[in-house]
Amino acid sequence: MRRKVARFLEHLEVARNLSPHTVAAYRRDLGDFETFTSGYLGRDDFRWSDIDRGVIRSFLGEAGRRGLAPRTVARKLSAVRALFRYLHREGEIPSNPARHVRGPKLDRTLPAHMRAEEVSELFRWVEARAENENGLIETRLLVILELLYGSGIRLAELGALDLRSLDLSRGQMRVLGKGRKERIVPVTGSAACAVARYLPLRAEVARSGCRALLVGRHGDRLSNRQIQRHVQQVLAGFAEAAGLSVHSLRHSFATHLLDAGADLMAVKELLGHASLGTTQIYAHTSRERLRRVYKGAHPRA
């Protein structure tokens, strides 16, 4: 049984080209499901064909009773569905028992983002600091913020950037997104200037052969956790930025584009979303703002 799960995980990594982080999440969720099923059926030697919808529903119910968030429960169901879909396709089971199992209802929460004025204030402060200090940390922080907000890339995408990823002459860069899907995103003029200021300082500390764009004081690639900590520290310095995270800069990027009239499909491609439904939450954010403006400005609203 475990060999079949191992084969499925290998399929995710090799055939579907999913990231190691995603494969690890599948492994944990399926491990939880296997442990639950052994206890539920009262034996360790069960077969996947022994499992029906009742077992899966009980697994989800038990996860809910443990206090797991609805999104976590939904993720576990997604892993179980994918496994049974694979086993059915491989002829290991006659049908997929998870196919019609309904997951928990999820609330579509609006992502936190900064107002345009807050972004301008943030960049004025960071630019002034980089110009006055002209050190590796200050100029690197400016590069980080320019690329996160200016190009709307994810934290992991930023951390994985190499020097060769950027084509400043064309104002674009190559990004490796979720599922290891590559896309080209624009680089703003201000981001290109920030990178040009940063590169000589990077060259002073970077280890020989290091390809990373963002490096630490010891010359190695800056980790995602380090990038996150630097951004959180600067965001915490702004009173209006309470509750914001690194990802809020990506949310702000998308919201401000749509507020300015950008096409939803174009924003979807820039963000690297697989589904338009994922991008539509930003359109909802913008519609709410437009509705408030309309009610406050139109004489007959």
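The largest nonpolar core of this predicted model contains 41 residues, and the members that touch the most others are Leu147, Ile153, Leu158, Leu161, Met173, Leu214 and Val231. At least two residues of this core come from each of helix H5 (116-133), helix H6 (136-151), helix H7 (155-159), strand E2 (172-176), helix H8 (189-205), helix H9 (224-236) and helix H10 (246-259). The greatest contribution is that of H6, with 8 residues. Leu158 illustrates how the core is joined: leaving aside residues up to four places away in sequence, Leu158 touches Ile144, Leu147, Leu148, Ile153, Leu214 and Ile227. Separate from this core is a second one of 30 residues, whose members include Phe46, Ile51, Phe84 and Leu87.

The protein as a whole has 12 helices and 3 strands. Its C-alpha trace spans about 70 × 65 × 35 Å along the principal axes. Of the 301 residues in the protein, 41% are buried. Among contacts between residues at least 6 apart in sequence, 57% join residues at least 24 apart.

Attention may now turn to the sheet. The 3 strands form an open sheet with the order E1-E2-E3 and antiparallel pairing. Strand E1 (166-167) and strand E3 (182-186) each have a single partner strand and stand at the edges, so one side of each lacks a neighbour in the sheet. In general, strands of a sheet pair through backbone hydrogen bonds, either parallel or antiparallel. Here E2 and E3 run antiparallel and are joined by 5 bridges; Val175, for example, has Arg183 in E3 as its bridge partner. Strand E2 also belongs to the account of the largest core, to which it supplies at least two residues.

A further feature is the packing of two helices. Two packed helices are described by the angle between their axes and the distance between the axes. The axes of helix H2 (residues 20-41) and helix H4 (residues 70-89) come within 9 Å and cross at roughly 85°. Angles of 65 to 115 degrees count as roughly perpendicular, and H2 and H4 are therefore roughly perpendicular to each other. On the H2 side the contact is made by Tyr26, Asp29, Leu30, Asp32 and Phe33, and on the H4 side by Arg75, Lys76, Ser78, Ala79, Val80, Ala82, Leu83 and Phe84. By character, the residues of this contact divide into 8 nonpolar, 1 polar and 4 charged. Phe84, one of the H4 residues in the contact, is also among the members of the second core.

The region where H5 gives way to H6 deserves a closer view. Asn134 lies in the loop between these two helices, H5 and H6. Most residues other than glycine have a negative phi. Asn134, although not a glycine, has a positive phi of about 50°. With a relative accessible area of 45%, Asn134 is partly exposed.

Leu136, by contrast, is found in helix H6. Buried means under 20% relative accessible area, and Leu136, at 12%, is therefore buried. Where do its contacts lie? Not counting residues up to four places away in sequence, Leu136 touches Tyr198, Leu201, Arg202, Val205, Val215, Gly216 and Arg217. Leu136 and Gly216 are 80 residues apart in sequence, yet their C-alpha atoms are 8.5 Å apart in space.

Note on methods:
Residues numbered from 1 in each chain as written. Predicted model: local features only at pLDDT ≥ 70, side-chain atom pairs only at ≥ 80, totals over all residues. Heavy atoms only, no water. Core = buried A, V, L, I, M, F, W, Y, C linked by side-chain atoms within 4.5 Å. Buried < 20%, exposed > 50% of the residue type's maximum accessible area, 1.4 Å probe, protein only. Helix = DSSP H or I, 4+ residues; strand = E, 2+ residues; numbered from the N terminus. Contact = heavy atoms within 4.5 Å. Pairing = 2+ DSSP bridges. Axes fitted to C-alpha atoms, helices over the stretch in contact; angles between N-to-C directions. Parallel < 35°, antiparallel > 145°, perpendicular 65-115°, else oblique. Nonpolar A, V, L, I, M, F, W, Y, C, P; charged D, E, K, R; others polar.
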